[in-house]
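Student: I've got a fold on my screen and I'd like to learn how to read it. Could you walk me through it?

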Amino acid sequence: MYFGSSSGVDTSSEVEIHASDAQKSDYFGYVLDAGDFDGDGTGDLLVGAHGTDKPASGAGAAYTFLGTSTGFDTTSEERLQA
Ligand SMILES: [Ca+2]
């Protein structure tokens, strides 16, 4: 993932986002959304993983990663399960 700025994409801002329990067949990152989910004024990231088979076959999941003033907190992963 790269962050944008008023002058375009900042290619020096690369951040890798991983789910701690994702497997190749989970399709982690196939769908993304962004917003300020916790209302702290920083952008957060929602990452879909529709192929996840935990806790049951075809269950799917989504993961949130919270933003900070300096980028994403990749340790803030929260798994959402229907
Ligand atoms: Ca936020």
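Tutor: Sure, let's begin with strand pairing: two strands pair if DSSP finds at least two bridges between them. Helices (H or I, at least four residues) and strands (E, at least two) are themselves DSSP runs, numbered from the N terminus. Here, β4 and β5 run antiparallel and are joined by five bridges. One pair of bridge partners is L45 and F65, the latter in β5.

Student: Before I go on, what kind of model is this, and how are residues numbered?

Tutor: This is a predicted model: local features need pLDDT of at least 70, side-chain atom pairs count only at pLDDT 80 or more, and totals for chains, interfaces and linings use all residues. Residues are numbered from 1 along each chain as its sequence is written.

Student: Which way do β3 and β4 run, and how many bridges join them?

Tutor: They run antiparallel, with four bridges between them. For example, D33 has L46 in β4 as its bridge partner.

Student: How many helices and strands does the protein have?

Tutor: Zero helices and eight strands, so to speak a β-β-β-β-β-β-β-β pattern when you read along the sequence. The C-alpha atoms fill a box of roughly 45 × 25 × 20 Å along the principal axes.

Student: How do I tell buried from exposed?

Tutor: Count C-beta atoms, placed from the backbone: a residue is buried if 20 or more others lie within 10 Å of its own, exposed if 12 or fewer, and partly exposed in between. In this protein, buried residues make up 16% of the 82 residues.

Student: Is D40 buried or exposed, and why?

Tutor: D40 is exposed, because 12 other C-beta atoms lie within 10 Å. You'll find D40 in the loop between β3 (32-35) and β4.

Student: And which residues form the largest nonpolar core?

Tutor: The general idea is a set of buried Ala, Val, Leu, Ile, Met, Phe, Trp, Tyr and Cys residues joined through C-beta atoms within 7 Å. The largest one here has nine residues: A22, F28, L45, V47, A49, A61, A62, Y63 and F65. Two elements, β4 (44-49) and β5 (61-65), each give two or more residues to this core, and β5 has the largest share, with four.

Student: What is V47 in contact with?

Tutor: Two residues are in contact if their C-beta atoms, placed from the backbone, lie within 7 Å. Leaving aside neighbours within four places in sequence, V47 touches I17, F28, G29, L32, A62 and Y63 in that sense.
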